Amino acid sequence: MQTELSIPATLRRNTAAYLDWIQMLSGAALIVFMWCHMLLVASVNLGSGVFDALAYFLEWTYMAQIGGPAIGILFLIHFAVAIRKVPVTSLQQKNMWNQAKMLRHKDTWLWVVQAVSAMVILIMAGVHLWTVLTNLPISTAKSAARIQDGGWLWFYLILLPMAELHVGIGFYRIGVKWGFVQRRGRKGFQKLEYIITGAFLAIGLLTLITFATVSI
């Protein structure tokens, strides 16, 4: 009887552990992608020729055609394994909010921000990815025309902070949860996360301004 009861429990624990690993690894890969993506897009600040040359290279090597859908699949895998820990019902969300207010712990509020931003990113990042991949080749003129088309600027002004906050908090939580950062180094690591997030937000805003003002 004990053996029959312990096997399902063991399987559940093992499954949860594997899913945690998948969530961490897929999240880490997406963090690296987001930072690289931001730097590549920000190349427009060095001139439209630089941006167009990088875009041409990515398409000539099929990195855009293959990498884009691959990132989309990775994004869906990450969401599928992460959603099991996100409150989706109104009761769960109410309990999460009440618990966060009761604990008054900064890391708890960071998790709340990450959960909320995940819901926004799920929709908006999907729209962005579909829009870009169905309108190849990528160019300064096309990107600028989209930004200067009114609604898209506001779209990216929402997506940018949501994505960078989610990525930055994820970077911090991976370090803390998986033991890469010990308790005594947590404050310093969080300051580093703030600096990185702030830097990428600034780069993103500068890039949006460039696309919004460049001649097309």
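**Exercise 1.** Check the length of helix H3 in this predicted model: does the span expected for its 20 residues agree or disagree with the distance between its end C-alpha atoms?

*Solution.* Start with the rise of 1.5 Å a residue. The expected span is 1.5 Å times one less than the number of residues. For the 20 residues of H3, that should give 28 Å. Now take the model: the end C-alpha atoms of H3 lie 27 Å apart. The two values agree.

**Exercise 2.** Find which residues of H3 are buried.

*Solution.* Use the cut-off: buried means under 20% relative accessible area. In H3, Ala 64, Gly 68, Ile 71, Gly 72, His 78, Val 81 and Ala 82 are buried.

**Exercise 3.** Work out how H2 is oriented relative to H3, and name the residues that meet.

*Solution.* First, the axes of H2 (residues 48-60) and H3 (residues 63-82) come within 5 Å. They cross at roughly 80 degrees. Angles of 65 to 115 degrees count as roughly perpendicular, so H2 is roughly perpendicular to H3. Next, the contact: Phe 57, Leu 58 and Glu 59 of H2 meet Met 63, Ala 64 and Gln 65 of H3. Sort these residues by type: 4 are nonpolar, 1 is polar and 1 is charged.

**Exercise 4.** Describe the largest nonpolar core and say which helix gives the most to it.

*Solution.* The core has 18 residues. Tyr 156 and Phe 211 have the most contacts inside it. H1 (2-41), H6 (140-147), H7 (151-177) and H8 (186-213) each supply at least two residues. H7 gives the most, with 6 residues. A second, separate core has 6 residues, including Ile 169, Tyr 172, Val 176 and Phe 189.

How values were computed: Residues are numbered from 1 along each chain as its sequence is written. This is a predicted model: local features need pLDDT of at least 70, side-chain atom pairs count only at pLDDT 80 or more; totals for chains, interfaces and linings use all residues. Side-chain values use heavy atoms; hydrogens and water are left out. A nonpolar core is a set of buried Ala, Val, Leu, Ile, Met, Phe, Trp, Tyr and Cys residues joined through side-chain atoms within 4.5 Å. Buried means under 20% relative accessible area, exposed over 50%, partly exposed in between (1.4 Å probe, protein chains only). Helices (H or I, at least four residues) and strands (E, at least two) are DSSP runs, numbered from the N terminus. Axes are lines fitted to C-alpha atoms, for helices over the stretch in contact, and angles run from 0 to 180 degrees between N-to-C directions. Angles under 35 degrees count as roughly parallel, over 145 as roughly antiparallel, 65 to 115 as roughly perpendicular and the rest as oblique. Contact means heavy atoms within 4.5 Å. Ala, Val, Leu, Ile, Met, Phe, Trp, Tyr, Cys and Pro count as nonpolar, Asp, Glu, Lys and Arg as charged, and the others, Gly among them, as polar.
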